[in-house]
Each structure stands twice: as structure tokens, then as C-alpha cells.
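Please read the points below with the structure open. They deal with ring pairs, one helix crossing and one contact between distant parts of the chain.

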Amino acid sequence: ERGRRIRAAFVARDDRHRIVSADYSQIELRLMAAFSGDEAMLAAFRSGADIHRETASCVYGVMPALVSDEQRPKGKMVNFGIIYGISAFGLSQRLKVPRREAEGLIESYFRLYPGVRDFMAAAIAKAREKGYAETMLGRRRTLRDIDSRNATARGAGERDAINTPIQGSAADLIKIAMVRVDRALKERRLRAKMVLQIHDELVFDVPEEEVDEVVELARREMTGAYDFGVPLEVGVGVGRSWLDAH
């Protein structure tokens with residue numbers, strides 16, 4: 001609710017302008033699919049399937065069409081939790097389920113996406129060998145605790161080794177997209193302004209008569225920013241405020 005109130009505070013400059021919001025859909029999971037090369041995850045994204053429903057379907061052993069409204073959010077939480085190296089204890093706390101059940105969900109997940117487990121192990125091994133993790137464009141994050149004798153510190157370093165290539169590359173991607181979008185706006189001599197970047201989202205202040213053109217431009221430039229071998233999807237919304245457009 002607090003986030004909604006904050007978004008409502010960002011408004012178009014006047015009645016003749018609109019806020020346009022363009023954000024990458026499930027970008028971190030798509031990057032995981034690309035970097036891990038997991039065939040099941042790649043196939044899900046290439047077919048346009050609902051990845052959270054697909055995951056819930058497999059971890060609960062039901063057909064995708066039979067995934068309940070309660071199971072899909074759990075599939076989503078498992079998807080995002082796993083790529084950040086969540087433990088069975090952490091997942092049990094988030095899902096409010098017994099730890100044994102959380103362990104079973106994680107094991108089911110890795111049976112479904114074995115390439116993800118291999119990627120995670122390789123990422124930790126690489127970081128331990130080099131002392132850092134890096135993004136797709138070569139930005140480095142030093143991991144001083146990757147070999148720490150302290151289990152808590154070492155675990156944090158291992159989680160950073162896994163998610164730095166994912167989150168860091170998502171940051172690389174949005175910066176590339178910003179440069180492309182800015183260049184396209186100038187080439188078309190549009191009056192629209194790119195005013196905010198929040199994680200994987202760009203926000204524009206756009207004259208009403210340019211809205212359709214900016215929507216098309218943002219989607220094209222963002223989806224074409226980088227070829228990972230997995231489709232990039234961009235959702236676009238329009239409104240009087242950031243809340244309306246988000």
C-alpha cells in the first residue's frame with residue numbers, strides 16, 4: 001500500500017500529458033534461463049508459457065490448467081527464491097509451510113530445472129577461483145567472504161556469486177535500453193521525456209499525441225537491447241500517474 005501511494009505521487013506535468021511505464025517481464029528468470037541453458041526453462045519462455053504456473057505445476061504434480069490460485073504465487077516465490085540462493089528455512093518462512101515441505105519444493109524445482117542447479121554450483125566455483133563474480137558486460141563484484149571460515153559470511157558470498165551475474169546483467173540491460181530509447185526519442189524529435197528508471201522499468205512523461213509512438217518505440221528498443229537467446233518481453237502501461245500506468 002505504501003508503494004502504491006508513492007507511485008500515485010508521480011504525475012504527468014499537466015492534463016495534456018500522460019505517464020508511460022515500460023518494464024521488463026520476469027527479466028531475472030529469463031536471464032537465469034539464458035545463463036543456465038536449462039532446456040525446460042528456455043522452452044517455457046520460448047513458448048510464452050506462464051513460468052510461475054509451469055513451476056507450480058511441476059512442484060505440486062498437477063497439470064498447469066489445474067494449478068490453484070494458492071499454488072501459483074508459491075511457484076512464483078520458489079522461482080525467485082531459488083535464483084537468490086534461498087535456503088529451505090528461508091523458503092519455509094516465506095511460504096509459511098513446514099521446513100520439510102520447503103525442502104521438498106526445492107528438490108522438485110531442481111528436478112524440473114537441473115540446469116539451474118548446475119549453473120549455481122558453477123557460479124560459486126568460478127567466484128571461489130577468481131575472487132569475484134561478473135556481469136554479462138564484464139562488471140566485477142569482489143567477493144571477499146566466498147572462502148570465509150564463518151558459515152554465515154560464506155553463505156552470503158555464495159548467494160552473491162549466484163545473483164550478481166543475474167541482477168548485475170539485468171542492470172546492464174536496462175542501461176543499454178535507456179541509451180537506445182534516448183537515442184530513438186532524439187532521432188524522432190519527440191517531446192516525450194524519459195524521467196525515471198526503477199530496477200527493470202522506465203517511466204516517461206509524454207504529450208498525449210505522442211503516446212502511441214512512445215509505447216511502440218519503448219517496446220521495440222527495450223526488447224531489442226540485447227540478444228540473450230531467450231525472448232525479452234516488455235509490458236507497457238499509460239495513465240495520469242505512475243500508479244495508473246504501472
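1. Phenylalanine 119 is buried, because its relative accessibility is 13% and the cut-off for buried is under 20%. Bear in mind that this is a predicted model. Phenylalanine 35 has a relative accessible area of 28% and is therefore partly exposed.

2. How many aromatic pairs does a search of the whole structure find? There are six. One of them joins phenylalanine 35 and phenylalanine 119, with 6.5 Å centre to centre and 35° between the planes, a tilted arrangement. Phenylalanine 35 lies in helix H2 and phenylalanine 119 in helix H8 (residues 114–130), so this pair ties together parts that are 84 residues apart in sequence.

3. The pair of tyrosine 109 and phenylalanine 110 is edge-to-face, because the planes of the rings stand at 80°, with the centres 5.7 Å apart; the cut-off for edge-to-face is over 60 degrees. Tyrosine 109 is buried, at 0% relative accessibility. Phenylalanine 110 also counts as buried, at 12% relative accessibility.

4. Phe35 and Phe119 belong to a cluster linked by ring pairs, and Tyr226 and Phe228 are in that cluster too.

5. Helix H2 (residues 27–36) also packs against another helix. Its axis and that of helix H9 (residues 151–187) come within 9 Å and cross at roughly 115°. H2 and H9 are therefore roughly perpendicular to each other, as angles of 65 to 115 degrees are counted that way. The crossing of H2 past H9 is right-handed.

6. Which residues make the contact between H2 and H9? On the H2 side they are Ile27, Glu28, Leu31, Met32 and Phe35. In H9 they meet Pro165, Ile166, Gln167, Ser169, Ala170 and Leu173. By class, the contact of H2 with H9 consists of eight nonpolar residues, two polar ones and one charged one. Phe35 thus appears both in this contact and in the ring cluster of point 4.

7. Leucine 243 sits in helix H11 (residues 242–245). Is leucine 243 buried or exposed? Leucine 243 is partly exposed, because its relative accessible area is 22% and buried would require under 20%. The C-alpha atoms of leucine 243 and arginine 7 are separated by 4.7 Å, although the two residues are 236 residues apart along the chain. Once neighbours within four places in sequence are left aside, the contacts of leucine 243 are Arg4, Arg7 and Ala8.

Methods. Residues numbered from 1 in each chain as written. Predicted model: local features only at pLDDT ≥ 70, side-chain atom pairs only at ≥ 80, totals over all residues. Heavy atoms only, no water. Axes fitted to C-alpha atoms, helices over the stretch in contact; angles between N-to-C directions. Helix = DSSP H or I, 4+ residues; strand = E, 2+ residues; numbered from the N terminus. Parallel < 35°, antiparallel > 145°, perpendicular 65-115°, else oblique. Left-handed = near helix turned anticlockwise from the far one by under 90°. Contact = heavy atoms within 4.5 Å. Nonpolar A, V, L, I, M, F, W, Y, C, P; charged D, E, K, R; others polar. Phe/Tyr/Trp six-rings, centres within 6.5 Å; stacked < 30°, edge-to-face > 60°. Buried < 20%, exposed > 50% of the residue type's maximum accessible area, 1.4 Å probe, protein only.
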